[in-house]
Amino acid sequence: MNKRTFIRLFAALMASPVFSPLLTWASDNKLTNWAGNLEYGTDRLYSANSVEQVQNYVRKQSKLKVLGTRHCFNNIADSTDNLLSLRSMDEVVALDSDAHTVTVNAGMTYGQLCPYLDSKGFALHNLASLPHISVAGACSTATHGSGEKNGNLATAASALEMVTAAGELVELSRKRDGEVFRGAVVGLGSLGVITKITLDIQPTYMMRQYVYENLPLPAVKEHFDAIESSGYSVSLFTDWQNQRINEVWIKSREEKGQAFDPTPEFFGAKRATRNLHPIAELSAENCTEQMGMPGPWYERLPHFRMGFTPSAGKELQSEYFVPRQHAVEAILAVERLRDQVSPHLMISEIRAIAADDLWMSPCYEQACVTIHFTWKQDWPAVRKLLPVIEKELAPFSARPHWGKLFTTSPTTLKSIYQKLPDFVQLSNKYDPQGKFRNQFLNTNIFS
Ligand SMILES: Cc1cc2nc3c(=O)[nH]c(=O)nc-3n(C[C@H](O)[C@H](O)[C@H](O)COP(=O)(O)OP(=O)(O)OC[C@H]3O[C@@H](n4cnc5c(N)ncnc54)[C@H](O)[C@@H]3O)c2cc1C
């Protein structure tokens, strides 16, 4: 039995809805995701350079998945048949300064788009922790940053162009297509191949980033709302040890009335005296500038700088969305698991996200707080731990991040996504034979 057969068999034996055994050792010369924990089920990868090529390819294949920038930790982007990449289709198609929109080809990353937008005097409303990811892939999984007034990145999408399973080109827009559009944006890659995406933009802005160390947990309990609303985007990093939040990252816009007052103390935490990495032992060189240094939005909203490795690199990630009103209870519930969690954890991050109206967004009609885990790359251990965390968060109907590792059952997913049946119908409309479905979608959405 060769390595590949072994991996396939191992995957088949795993009862989890998420296939992600630790495969780093087998990934030499193989196509893997960014973290290296998943070897894709095929190395048949076709790279398209035009919409026509996408259409022809889709017409010819009976099964395929689109790969973005491969930053998901689970098998949502995986295929055992064919993979299609649009990475070379990475141009800005149109900047409409009157309508305040930008249209980009689907292979574009935020790292490519943001400096361009800024040079034209525009900005996006928010960014994830890293700019390295594709716009289409991020919107497809409801990728988010932080900020209680900021929707996830998909909420900026106002139009999509997509190739359906029949190879036809469909255009959907927020204005014209209402509910159908709201169903399609967080599409989990199951409706078709997004070829273009239009995003809302706004005038460019400057930001400052401040970091505080050692926020006592009792302060979080008592002042959570005040802490979360202290900046445009707030992140709390904790290892769940010693009843404290290790680092508070406050990203503040420069505009009048929005600027954060960087007092030396913040609810008992102390202002940092140097740039920090969320994982304190790692070099802050990879991180965006802190210490209140003013800079453009796209160099402050992400935690990590383009051109540098984001996060730790060799890691796994999980994240759960809980309704904002249960934030403190949920944080305390995870804190009670600290002795189980800590041995496998690099760092956790707590963020806030505004409610939206996108069907498959974890923030659909509910403002959320997310509890994120950057794990050491030990899948067998993490695999055992996730159900324990999910059980603690179940009373809050926690929704897992679509692009990260979870063991939440398909039945539970159905019960917490009220629009899931409509989403299935919408997928059937554009992809009646399940051309874009894979193990992840068949298990979690279409089972
Ligand atoms: C270091 C690190 C930090 C992260 N930080 C954050 C964070 O701050 N916030 C957060 O929410 N997430 C975060 N993530 C998760 C990740 O960014 C998202 O899950 C996102 O989907 C990755 O985009 P991608 O293009 O790499 O997706 P991929 O893994 O390549 O694909 C994701 C899904 O999108 C689909 N897709 C991609 N392109 C297309 C297309 N053109 N048409 C149709 N479907 C398409 C794929 O088929 C798949 O279903 C992080 C991940 C890493 C590795």
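Start by selecting Cys-72 and the ligand: a backbone N or O atom of Cys-72 sits 3.1 Å from one of the ligand's oxygen atoms. Keep in mind that you're looking at a predicted model.

Now add Arg-351. An N or O atom in its side chain is 2.8 Å from an oxygen atom of the ligand. Then pick His-401, where the side chain brings an N or O atom to 2.7 Å from a ligand oxygen. How much of the ligand does the protein bury? Taken alone, the ligand exposes 980 Å², and the protein buries 99% of that.

Next, show everything around the ligand. You should get 36 residues, and the closest are Val-66, Gly-68, Thr-69, Ser-134 and Thr-141. Try colouring this shell by class: 16 residues are nonpolar, 16 are polar and four are charged. Which elements supply at least two residues each? They are β2 (65-67), α4 (135-140) and β9 (193-200). Of the shell, α4 gives the largest share, with four residues.

Stay with β2 and follow it into its sheet. This one is open, has three strands in the order β1-β3-β2, and pairs them in parallel. Look at the edges, where you'll find β1 (45-47) and β2; each has a single partner strand, so one side of each is left without a neighbour in the sheet. On average, neighbouring strands here are turned by 35° against each other, ignoring direction. Zoom in on β2 and β3 (residues 83-85): they run parallel and are joined by three bridges. For one bridge pair, select Leu-67 together with Ser-85, its partner in β3.

Strands of a sheet pair through backbone hydrogen bonds, so switch on the backbone to follow them.

Now go over to β9, which belongs to another open sheet. Here five strands come in the order β4-β5-β9-β7-β8, with antiparallel pairing. At the edges are β4 (92-96) and β8 (169-173), each pairing on one side only. Neighbouring strands in this sheet are turned by 10° against each other on average, direction ignored. Select β4 and β5 (residues 101-105) to see an antiparallel pair with four bridges. To look at one partnership, click Asp-96 and then Thr-101, its bridge partner in β5.

Last stop: two helices that lie across this five-stranded sheet's strands. Select α2 (residues 51-60), which lies across β7 (157-163), β8 and β9 and runs at about 140° to β9. Then select α3 (residues 110-119), which lies across β4, β5 and β9 and runs at about 35° to β4.

Conventions
Residues are numbered from 1 along each chain as its sequence is written. This is a predicted model: local features need pLDDT of at least 70, side-chain atom pairs count only at pLDDT 80 or more; totals for chains, interfaces and linings use all residues. Side-chain values use heavy atoms; hydrogens and water are left out. A residue is near a molecule or strand if one of its heavy atoms lies within 4 Å of it. A polar contact is a pair of N or O atoms within 3.5 Å; within protein, one must be able to donate a hydrogen and the other to accept it, and residues adjacent in sequence count only if both atoms are side-chain atoms. Accessible areas come from the Shrake-Rupley method with a 1.4 Å probe; for residues, only the protein chains shown count as cover. Ala, Val, Leu, Ile, Met, Phe, Trp, Tyr, Cys and Pro count as nonpolar, Asp, Glu, Lys and Arg as charged, and the others, Gly among them, as polar. Two strands pair if DSSP finds at least two bridges between them. Axes are lines fitted to C-alpha atoms, for helices over the stretch in contact, and angles run from 0 to 180 degrees between N-to-C directions. Contact means heavy atoms within 4.5 Å.
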